[in-house]
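User: Hello! I am new to this structure and would like to walk through it with you. Could we start with a look at it?

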Amino acid sequence: MPDQPEAPNDAPTTPPLSEEHAAERVRLEREYLGWSTGELAKRMTAAGYPMNQSSVWRIESGEPRRRINLDEAIGFAKVFGLTLEEFLGPPASSSDKHIAEVTDVVLDMYRRLLDLMKSTGNAFKLVDQYCAMFPQHAEELNSRIARALTEENRRHGPVRESPMVFLRYPAFQQAQQQSGQTPGS
């Protein structure tokens, strides 16, 4: 028999799809979302893919595991907000997706924090400029700002986390070092 040509090494590989991946994905996604097996069964049924709690449990933990038919796979993907390929792919790709989502949330909040810090800095520059132009009003202006900030803190409750909460995280510290900045500067 003639030798088969080898596939190029740089060819993209797609992870194999399997029932085991799908069963494990059901458990991982359900747990990630904080749903019970009963809650998942209700959501599947509401989405038009009737299922009971026992079926979910048998898919996740049964010996042997209950097989998932194509309609159910489509339903699970829909309920979990995944493509069918994501649902059927290796469960590790699910954690990658969740890690990316959490990373995006943190990055978005960090960008907002930087914008707010810049705006706050600009506001205090304005206070400094006003006080330099009208030194006779500096004490009154600073007193009013202090009272207003105290009232805001009273109305909104104490701030549990400093805006510099990022300084605690090793990844943030590493990023600061790599960009040549020191944390807190």
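User: Leaving aside its neighbours within four places in sequence, which residues is R30 in contact with?

Analyst: Happy to help, and please keep in mind that this is a predicted model. R30 is found in helix α1, which covers residues 19-33. With neighbours within four places in sequence set aside, the contacts of R30 are W35, S36, T37, L40, V56, E60 and F80.

User: Is R30 buried or exposed?

Analyst: A residue counts as buried when its relative accessible area is under 20%. R30 has a relative accessible area of 11%, so R30 is buried.

User: Which residues of α1 are buried?

Analyst: R30 is one of them, and the list also takes in E29. In full, the buried residues of α1 are H21, A22, A23, R25, V26, E29 and R30.

User: How far apart are the end C-alpha atoms of α1?

Analyst: We can begin with what to expect: α1 has 15 residues, and at 1.5 Å a residue these should span 21 Å. The model agrees with that, because the end C-alpha atoms of α1 are apart by 21 Å.

User: Is A138 buried or exposed?

Analyst: A138 is found in helix α7, residues 138-156. The cut-off for buried is under 20% relative accessible area. A138 has 16% relative accessibility, so A138 counts as buried.

User: How many helices does the protein have?

Analyst: Along the sequence, the pattern reads α-α-α-α-α-α-α-α. The secondary structure has zero strands, and the number of helices is eight.

Note on methods:
Residues are numbered from 1 along each chain as its sequence is written. This is a predicted model: local features need pLDDT of at least 70, side-chain atom pairs count only at pLDDT 80 or more; totals for chains, interfaces and linings use all residues. Side-chain values use heavy atoms; hydrogens and water are left out. Helices (H or I, at least four residues) and strands (E, at least two) are DSSP runs, numbered from the N terminus. Buried means under 20% relative accessible area, exposed over 50%, partly exposed in between (1.4 Å probe, protein chains only). Contact means heavy atoms within 4.5 Å. The expected span of a helix is 1.5 Å times one less than its number of residues.
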